[in-house]
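Please walk through the fold shown here, beginning with how its strands pair and ending with the surface.

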Amino acid sequence: MGPIDLTEQLGRWSADRGPLYVLLAARLRRLINDGGLPPGTPLPPDRALASVLSVGRNTVVAAYDLLHQEGRIVRRQGSGTRVAGSASAAAHDVTSAPVFLHLLEPRDGVILLACAAPDSPPPELVEAYERVLPELAATTGDIGYHPSGHVTLRRAITEHYERRGVPTEPDQILVTNGAQQALSLLARAFVRPGDHVLVEAPTYPGALEAFRDEAAVPRPLPVGLCGFEAAVREHRPTLAYAIPSFHNPTGAVLSPLSRRRLAETAAAADVPLIDDEVLIDLGFPGEETPPPLAAYADTVISVGSLSKIVWGGLRIGWVRAPAPVITRLARLRAVHDLGGDILAQLAAADLLPRLGALRRRWAEQREARHDHLLAQLARHLPDWDAPPVRGGQTLWVRLPYGDGTSFAQAAIRHRVAVLPGGGLDVSGQSGAYVRIHFLAPVDELSEAVRRLAEAWRTYSPPARRVTSPAAMAV
């Protein structure tokens, strides 16, 4: 196991109180006990792990010695350090992506600038639930299992696309428990081990996790999937994935001409193209909502969600695709999940055509917080390169030296979490970046930047540049 792979599994190990070597040993002990580090797993050398964790070598040596005394690891000269016990069959793969691991940790005073979504349900959502309760109470003759989604919500999503100029029928819609489930279903439907998937570099790490879970080989292209046609000839991909609207993490927006070219090229090459529209409603005031890629080719597979415009706790996502694709996805979903929460789906159907006021209010708030974060970074970290964006929810920040992985470890020790760029980029070219969201209240953003500035003052980068695990996998 490489040092970066282990670092990602460690999560926010250093955010607690106490000596660093004790905290590191405690987290390693938990991973060993829980099966995250099975018997026989090789652990990184002291110096390599210390470099990526941005701690002194003595910290790692002391942690390893403590676990060695407990009999949990074995250390032998010339053969390295391993988890104690005979190597066994590999445990079932689980995610080690920091964006997900942060969700599994208690906050414990850590300011989370790594995971981005509204942090409270808006009054519009509460009102929608109140309006649909009578409809739920009147329901009869329905056992509540709808793997394709409740027909009321499927019709509402159909009308949502019709309003955007994309003719759609309800049998082209599958409702999912959030967009992440949609991506996982699509990966399961289209990808076989060893298949190539074209992705942007950088991109949303949750999509990379979904593709890798099916043992796909992500092939990177610049944001906007520039060079798509040549990449199709070279790699013969089974799938392509793009975020053309307020791109995660860069905030870029693909032009209408580029959208048309991409959609038509994918259709002509018979490569299923996923248009991740989760951020489509997050433009700042005055920004026009871009057309979906499906407006240019009906073969495009659109993925949407209400988690970013309404609330992360409203687990409503969807797929819009040709009807045969939807049928296939519904059959896959039925095996694992007989359907989503009916009340939530009814509330979402009620809310979809009423999003205008919420969208405008949220846009003004996000723009104000975006501007505040930029001002704080310019004041306290003027050598950081943080380009402004016109929508979305994140800044893509380039550090003047060092790398995002080791700096994120330094930031955690100052109780603020940022997302290192290496895990978002399979090309290996984003190691010097971190992703920071601007959704928190302004006072929290101010405190976060103050902590980041303290972390930066104490940060000592590794002696040599850290190579991202994504780059080594390609």
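Two strands are taken as paired if DSSP finds at least two bridges between them. The model shown is a predicted one. Strand β2 (residues 73–76) and β3 meet that criterion, pairing in the antiparallel sense over four bridges. Within this pair, Ile73 has Val83 of β3 as its bridge partner.

Strand β3 also pairs with β1 (residues 42–43); two bridges join them, and the two strands run antiparallel. Here the bridge partner of Leu43 in β3 is Thr81. Thr81 and Val83 therefore both serve as bridge partners, Thr81 for Leu43 and Val83 for Ile73, and general strand geometry gives a way to read their side chains: in a regular strand, side chains alternate between the two faces of the sheet. In β3 (residues 80–83), the covered face holds Thr81 and Val83, while Gly80 and Arg82 belong to the uncovered face.

A further sheet involves strands later in the chain. Which order do the strands of this open sheet have? The order is β12-β15-β14, three strands with antiparallel pairing. Because β12 (394–398) and β14 (419–420) each have a single partner strand, they stand at the edges, and one side of each is left without a neighbour in the sheet. Helix α14 (residues 356–380) packs on this sheet and touches β12 and β15, its direction making about 20° with that of β12. The pairing of β14 with β15 (residues 433–437) is antiparallel and rests on two bridges. Across it, Pro420 stands opposite Val434 of β15.

The remaining points concern individual residues and the surface. Is Ile143 buried or exposed? Ile143 is exposed, because its relative accessible area is 72% and the cut-off for exposed is over 50%. This residue is found in the loop between α6 (123–137) and α7 (151–163). Together with Tyr145 and Leu338, Ile143 forms a nonpolar patch on the surface, and the three have about 360 Å² of accessible area together.

Arg30 is placed in helix α2 (residues 20–34). With a relative accessible area of 46%, Arg30 is partly exposed, since that class lies between the cut-offs of 20% and 50%. Arg30 and Gln376 are 346 residues apart along the chain, and their C-alpha atoms are separated by 37 Å.

Note on methods
Residues numbered from 1 in each chain as written. Predicted model: local features only at pLDDT ≥ 70, side-chain atom pairs only at ≥ 80, totals over all residues. Heavy atoms only, no water. Buried < 20%, exposed > 50% of the residue type's maximum accessible area, 1.4 Å probe, protein only. Patch = residues over 30% accessible without salt bridge, like charges linked within 9 Å, V, L, I, M, F, W, Y side chains within 5 Å. Areas by Shrake-Rupley, 256 points an atom, 1.4 Å probe, with all protein chains shown as cover. Salt bridge = Lys/Arg side-chain N within 4 Å of Asp/Glu carboxyl O. Contact = heavy atoms within 4.5 Å. Axes fitted to C-alpha atoms, helices over the stretch in contact; angles between N-to-C directions.
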